[in-house]
Amino acid sequence: MEYNQVTYYKTPIGTAKIEGNKNGIQSITIIDEKIEIPFDIPSSLQNCVQQLDEYFNGNRTEFNLKLNPQGTNFQKRVWKELLNVSHGKTRTYLEQSKRLGDVKAIRAVASANGKNPIWIVIPCHRIIGSNGSLTGYAGGLWRKKWLLEHENPSPQQLLF
């Protein structure tokens with residue numbers, strides 16, 4: 001059995017806890033508590049930390065990581081579909097349900113979305129309500145808003 005390694009990474013919107021091993025990243029979660037950021041990052045997590053760093057510095061729009069999220073088959077299907085939502089774009093829960101082949105599964109899709117264990121890399125923050133509202137986000141709606149603005153800055157912000 002392969003044991004998970006853990007590291008922490010400081011982001012502009014909180015500390016990320018990263019867990020995984022040679023089989024892939026199992027989880028990236030946001031925590032609100034203050035954690036000492038380690039200098040020695042486990043080798044299996046170094047690429048993830050580097051790619052997150054590039055993302056937050058505005059130099060990465062796609063991740064290229066081996067992922068190993070743990071969940072039900074349905075949850076894994078939902079998370080896999082999330083990977084098809086491009087950087088700077090959004091999709092509604094209804095659109096996600098249609099893409100998964102069952103418009104009536106919208107609540108189940110939203111629930112699976114909320115259980116996404118790999119923050120940012122599997123971009124559940126890009127899913128919004130049908131009316132354009134920023135509904136539901138495990139990390140807090142202010143983080144969802146920050147991430148969407150980071151990925152798609154308004155032209156006004158670019159002037160200064």
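Here is a short back-and-forth on the sheet, the aromatic rings and the pockets of this predicted model.

User: Let's start with the sheet. In what order do the three strands sit?

Analyst: Strands of a sheet pair through backbone hydrogen bonds, either parallel or antiparallel. Here the sheet is open and its pairing is antiparallel. Strand 1 covers residues 5-11 and pairs with strand 2, residues 14-21, over seven bridges. Strand 2 also pairs with strand 3, residues 24-31, over seven bridges, and the order is 1-2-3.

User: Which strands are at the edges, and what is the average twist?

Analyst: An edge strand here pairs on one side only, and that picks out strand 1 and strand 3. Going from one strand to the next, the twist averages 20°.

User: How many residues sit between strand 2 and strand 3 in their hairpin?

Analyst: Strand 1 and strand 2 make a hairpin too, with two residues between them. For strand 2 and strand 3, the hairpin has a gap of two residues.

User: I'd like some landmarks for the register. Which residue is the bridge partner of Ile 18 in strand 3?

Analyst: On the strand 1 side, Lys 10 stands opposite Thr 15 of strand 2. On the strand 3 side, the partner of Ile 18 is Ile 28.

User: Now the rings. How is the pair of Tyr 9 and Phe 56 classed?

Analyst: A pair of aromatic rings is described by the distance of the centres and the angle of the planes. The model has five aromatic pairs. For Tyr 9 and Phe 56, the centres are 6.3 Å apart and the planes are at 35°. Stacked needs under 30 degrees and edge-to-face over 60, so this pair comes out as tilted.

User: Why does that pair tie together distant parts of the sequence, and how many residues apart are they?

Analyst: Tyr 9 belongs to strand 1, while Phe 56 belongs to helix 1, residues 43-56. The pair therefore ties together parts whose separation in sequence is 47 residues.

User: Are Tyr 9 and Phe 56 buried or exposed?

Analyst: The cut-off for buried is under 20% relative accessible area. Tyr 9 has 9%, and Phe 56 has 9% as well. So Tyr 9 is buried, and Phe 56 also counts as buried.

User: What about Tyr 55 and Phe 63, how is that pair classed?

Analyst: Tyr 55 is buried, with 0% relative accessible area. Its ring centre is 5.6 Å from that of Phe 63, and the planes are at 35°, so the pair is tilted.

User: Which residues do the ring pairs link into a cluster?

Analyst: Tyr 9 and Phe 56 are among them, as are Tyr 55 and Phe 63. With the two tryptophans added, the cluster reads Tyr 9, Tyr 55, Phe 56, Phe 63, Trp 119 and Trp 146.

User: On to the empty space. Which elements give two or more residues to the lining of the largest pocket?

Analyst: The largest pocket holds about 260 Å³ of space. It is lined by 16 residues, and those closest to its centre are Gly 114, Asn 116, Cys 124, Ala 138 and Gly 139. The elements giving two or more lining residues are strand 3 and helix 4 (106-114).

User: How many charged residues does the lining of the largest pocket have?

Analyst: Its lining includes nine nonpolar and six polar residues. The charged count is one.

User: And the second largest pocket, which residues lie closest to its centre?

Analyst: Its volume is about 220 Å³. The lining has eight nonpolar, four polar and two charged residues. Of the 14 lining residues, the closest to the centre are Thr 61, Glu 62, Phe 63, Leu 83 and Val 121.

Technical notes: Residues are numbered from 1 along each chain as its sequence is written. This is a predicted model: local features need pLDDT of at least 70, side-chain atom pairs count only at pLDDT 80 or more; totals for chains, interfaces and linings use all residues. Side-chain values use heavy atoms; hydrogens and water are left out. Two strands pair if DSSP finds at least two bridges between them. Helices (H or I, at least four residues) and strands (E, at least two) are DSSP runs, numbered from the N terminus. Rings of Phe, Tyr and Trp (its six-membered ring) pair if their centres lie within 6.5 Å; planes under 30 degrees apart count as stacked, over 60 as edge-to-face and the rest as tilted. Buried means under 20% relative accessible area, exposed over 50%, partly exposed in between (1.4 Å probe, protein chains only). On a 1 Å grid over the protein atoms alone, a cavity is a set of points where a 1.4 Å probe fits but cannot get out, and a pocket is an open set with protein on both sides within 12 Å along at least five of seven lines; lining residues have an atom within 4 Å of a point. Grid points are joined across faces, edges and corners, and a volume is the space filled by probe spheres set on the points. Ala, Val, Leu, Ile, Met, Phe, Trp, Tyr, Cys and Pro count as nonpolar, Asp, Glu, Lys and Arg as charged, and the others, Gly among them, as polar. Axes are lines fitted to C-alpha atoms, for helices over the stretch in contact, and angles run from 0 to 180 degrees between N-to-C directions.
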